[in-house]
Amino acid sequence: MYDRSPILGGQFKDGKMATISIGRIGDLCVKEGRRSQGVGSSLLNVVESEFVKKGYQASSLIVVANQIRAFNYYIKKGYFFAGQKAGKDFLLTKPFDHS
């Protein structure tokens with residue numbers, strides 16, 4: 001069972017640590033025969049829209065190290081590398097613009 005609660009992160013603002021709320025994406029998978037048809041983008045847009053509605057300042061997810069296609073997909077969608085989990089899987093995050 002996944003813990004679907006948001007996580008808290010931090011960022012520096014004016015030299016002080018500010019707490020931010022981050023929505024976590026646990027699993028987002030598209031069946032192999034349905035890839036490159038916009039299904040994943042539609043799912044991701046819905047999830048991110050819900051995060052924004054709930055007031056989260058960012059989204060995060062983990063990509064398994066050998067999933068280079070998924071890693072590149074999320075980079076194109078505005079995510080950036082934020083670290084590695086257990087020295088192999090990649091933590092990606094995407095801040096939301098609330099202006």
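A residue is called buried here when its relative accessible area is under 20%. By that cut-off, buried residues make up 27% of the 99 residues in the chain. The model is predicted, and residues are numbered from 1 along the chain.

**Whole chain**

Start with the cartoon view. The chain has two helices and five strands. Followed from the N terminus, the elements run β-β-α-β-α-β-β. Switch to a surface view next: the accessible surface of the chain comes to about 7100 Å², and 54% of this area belongs to carbon and sulfur atoms. For a contact map, take the contacts between residues at least 6 apart in sequence; 51% of these join residues at least 24 apart.

**Lys94 and Glu48**

The structure holds two salt bridges. For one of them, select Lys94 and Glu48, whose closest N and O atoms are 3.1 Å apart. Lys94 sits in strand β5 (residues 89-95) and Glu48 in helix α1, so the pair links distant parts of the chain, 46 residues apart. Are these two residues buried or exposed? Lys94 has a relative accessible area of 17%, so Lys94 is buried. Glu48 also counts as buried, because its relative accessibility is 8%.

**Lys53 and Glu50**

Stay on helix α1 and select Lys53 and Glu50. Their side chains meet in a salt bridge, with 3.3 Å from N to O. Where do the two residues sit relative to each other in helix α1? They are three residues apart, which means a separation of about one helical turn. Lys53 counts as exposed because its relative accessibility is 65%. Glu50, at 36% relative accessibility, counts as partly exposed. As general background to both pairs, side chains of opposite charge can pair when their charged atoms come close.

**Val39**

Select Val39 next, which is also placed in helix α1. Its relative accessibility is 25%, so Val39 counts as partly exposed. Which residues is Val39 in contact with, once its neighbours within four places in sequence are left aside? Val39 then touches Val30 and Arg34. Add Cys29 to the selection: Val39 and Cys29 are 10 residues apart along the chain, and their C-alpha atoms are separated by 9.5 Å.

**Ser36**

Move to Ser36, in the loop between β2 (16-24) and α1 (39-53). What is the phi of Ser36? The angle is near 65°, a positive value in a residue other than glycine. For background, most residues other than glycine have a negative phi. Ser36 is exposed, as its relative accessible area is 70%.

**Asn66 and Asp89**

Now select Asn66, found in the loop between β3 (58-63) and α2. Asn66 has a relative accessible area of 59% and is therefore exposed. Add Asp89 and draw a line between the two C-alpha atoms: the distance in space is 8.2 Å, while the separation in sequence is 23 residues.

**The positive patch**

For the last stop, return to the surface view and colour by charge. Which residues form the positive surface patch? Select Arg35, Arg69, Lys76 and Lys77. Of these, Lys77 lies in the loop between α2 (68-76) and β4 (80-85). Lys77 counts as partly exposed because its relative accessibility is 30%.

Key:
Predicted model: local features only at pLDDT ≥ 70, side-chain atom pairs only at ≥ 80, totals over all residues. Heavy atoms only, no water. Patch = residues over 30% accessible without salt bridge, like charges linked within 9 Å, V, L, I, M, F, W, Y side chains within 5 Å. Areas by Shrake-Rupley, 256 points an atom, 1.4 Å probe, with all protein chains shown as cover. Salt bridge = Lys/Arg side-chain N within 4 Å of Asp/Glu carboxyl O. Lys, Arg positive; Asp, Glu negative; His and termini not counted. Charge placed at Lys NZ, Arg CZ, Asp CG, Glu CD. Helix = DSSP H or I, 4+ residues; strand = E, 2+ residues; numbered from the N terminus. Buried < 20%, exposed > 50% of the residue type's maximum accessible area, 1.4 Å probe, protein only. Contact = heavy atoms within 4.5 Å.
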